[in-house]
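Colleague: I've got a new model open and I'd like to learn how to read it. Could you take me through it feature by feature?

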Amino acid sequence: MSTNLKNPIPTPAAWRVPGRGTVNLMRHLEPASSGPRNAIPFNRIAVVGNEMEYMADAVRNGHCSGDGPFTRKCQDLLRRELNSGPVLLTTSCTHALEMAAMLLDLQPGDEVIVPTYTFVSSINAFVLRGAKPVFIDVRPDTLNLDETLLEGLITPRTRAIVVVHYAGVACEMDTILALANRHGIAVIEDNAHGLFGTYKGRPLGTMGAFATLSFHETKNYACGEGGALIVNDPKYVDRAEILREKGTNRSRFFRGEVDKYTWVDIGSSYVLSDLNAGYLYGQLEKFREIRQNRERIWENYRYHLQDWAVRNGVAMPQIPSHCGQAFHLFYLLLPSLAKRQEFIAHMKAAGIKSVFHYVPLHSSPMGKQWGEDRSCPVADERSDRLVRLPFYNCLSEADQARVILATQQFAVSSRLRHTRSSAVA
Ligand SMILES: Cc1ncc(COP(=O)(O)O)c(C=O)c1O
């Protein structure tokens, strides 16, 4: 099987880094163990710049705990590039969401609206404070929260709406924000997927009272485990610092604003180590190159799979024209659950790991505990059909060509194979 793409999306000149190659800008560490040598994983961490040097610097600086020089560099870079409120690095996106839930002072019985098609942390953080989840179905095109259903779910107890920009494609923020403002409800952007994506030109993560980011190793910009809370509503900034520092005013003490620090509120240990922040800074200072490289990978999938998809009744991601996507993942929607499972097995036989995504929360054992029998048919159906292809910063052209060819060799059915049918949207 040839491992070259016939017409790969060309590498723009802007990516040419002297002496570093172009497409292979992303250096990666060989995995230390396991797996056939030619297996293509779903994800692999890549070293794109000075990550290793910066971690060594953190050790040399004698500052490996949190809020050291690399934490400040990451926070400043993110705030500057996003033009957002203050950014606080945290140990994960999950923990940033927990901070948001604490900041809202939720009381037992308060309701939080959340898309059913998301990761557990999007709602678990609020349930931990006693809130009741109210699951909302998703749009068939972007798999984001269906804003047309929102109004019907708002009650006097609704305190927050969590929006998830799935795959780094923006939710319909104008409608959501207008509704939330009218009802005095906080909006939290779970932007685990969408760093540097935009909605009508506005950066994702700058529109809600809070936004959260993930730097887990599967994300576009990573440091193993890590996250951030962006505090766009100034009234929460001081308390956010305190909750993040175990309920103490230690941040003020470090700035010389108080002569000792003490316990002033609830809180927990949400500060990211400067070792991780060093790694993260190595990635963030190359964010433009990473984004462009991921755009190339995404476009190569789209370009080379579109005819196959149409022939086989497979749908590809839809990106509304007003959304500048973050190129977080590339998925296919197979015609049925059975076909999706067959596809995953077919790819596995070719040594390629492809994976499904969320199991809708409303149908999970925990999600059912609130006794609401709300159906979310779009999420159920899309969740059954969706499969994600390998997508990581150091995915080589040759490996991507293998993924594309293996995909093209999967015929959904002999009937569809020879009939041009429109993709199932
Ligand atoms: C939408 C969403 N929110 C939150 C998280 C949790 O991120 P973290 O692993 O940084 O806690 C994830 C993880 O993949 C996610 O997909």
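The conversation below goes through the sheets, the helices and the ligand site.

Modeller: Sure. Keep in mind that this is a predicted model.

Colleague: Okay. Let's begin with sheets. What holds strands together?

Modeller: Strands in a sheet pair through backbone hydrogen bonds, and they can do so parallel or antiparallel. Here, one open sheet has 7 strands, in the order β1-β9-β8-β5-β4-β2-β3, with mixed pairing.

Colleague: Which strands are at the edges of that one?

Modeller: β1 (87–90) and β3 (132–136), each of which pairs on one side only. From one strand to the next, the twist averages 20°.

Colleague: How many bridges join β2 to β3?

Modeller: There are 5, and β2 (residues 111–115) runs parallel to β3. If you want a spot to zoom in on, take Pro115, whose bridge partner in β3 is Ile136.

Colleague: Which strands does helix α2 lie across?

Modeller: Helix α2 (residues 69–82) lies across β1 and β9 (227–231), and it runs at about 135° to β1. Helix α5 (residues 173–183) is another one to look at: it lies across β4 (158–164) and β5 (186–190), at about 170° to β4.

Colleague: What is the strand order in the sheet with 3 strands?

Modeller: That open sheet goes β7-β6-β10, with antiparallel pairing. β7 (202–203) and β10 (323–324) are its edges; each has a single partner strand, so one side of each has no neighbour in the sheet. β6 (residues 198–199) pairs with β10 over 2 bridges, in the antiparallel sense. Tyr199, for example, has Cys323 in β10 as its bridge partner.

Colleague: Now helix packing. At what angle do α1 and α8 pack?

Modeller: The way to read a helix pair is to take the angle, then the handedness, then the residues that touch. Helix α1 (residues 51–61) and helix α8 (residues 274–284) pack at about 150°, with their axes 8 Å apart. Angles over 145 degrees count as roughly antiparallel, and α1 and α8 therefore fall in that class. The crossing of α1 past α8 is right-handed.

Colleague: Which residues make that contact?

Modeller: On the α1 side, Glu51, Tyr54, Met55, Asp57 and Ala58; on the α8 side, Asp274, Leu275, Gly278, Tyr279, Tyr281, Gly282 and Gln283. By class, the residues of this contact are 6 nonpolar, 3 polar and 3 charged.

Colleague: And are α9 and α12 roughly parallel or roughly antiparallel?

Modeller: Follow the angle again. The axes of helix α9 (residues 287–312) and helix α12 (residues 397–408) cross at roughly 20° and come within 10 Å. α9 and α12 are therefore roughly parallel. α9 passes α12 in a right-handed crossing. From α9, the contact uses Ile297, Asn300, Tyr301, His304, Leu305 and Trp308, while α12 brings Gln400, Ile404, Thr407 and Gln408. That contact has 5 nonpolar and 5 polar residues, and no charged ones.

Colleague: Last one, the ligand. Which residues come nearest to it?

Modeller: Out of 14 residues around the ligand, Ser92, Cys93, Thr94, Phe119 and Ser214 come nearest. Two elements give two or more residues to this shell, namely α3 (93–103) and α4 (121–127).

Colleague: How do the shell residues divide by class?

Modeller: Into 4 nonpolar, 9 polar and 1 charged.

Methods
Residues are numbered from 1 along each chain as its sequence is written. This is a predicted model: local features need pLDDT of at least 70, side-chain atom pairs count only at pLDDT 80 or more; totals for chains, interfaces and linings use all residues. A residue is near a molecule or strand if its C-beta atom, placed from the backbone, lies within 6 Å of it. Helices (H or I, at least four residues) and strands (E, at least two) are DSSP runs, numbered from the N terminus. Ala, Val, Leu, Ile, Met, Phe, Trp, Tyr, Cys and Pro count as nonpolar, Asp, Glu, Lys and Arg as charged, and the others, Gly among them, as polar. Axes are lines fitted to C-alpha atoms, for helices over the stretch in contact, and angles run from 0 to 180 degrees between N-to-C directions. Angles under 35 degrees count as roughly parallel, over 145 as roughly antiparallel, 65 to 115 as roughly perpendicular and the rest as oblique. A crossing is left-handed if the near helix is turned anticlockwise from the far one by less than a right angle, and right-handed if clockwise. Two residues are in contact if their C-beta atoms, placed from the backbone, lie within 7 Å. Two strands pair if DSSP finds at least two bridges between them.
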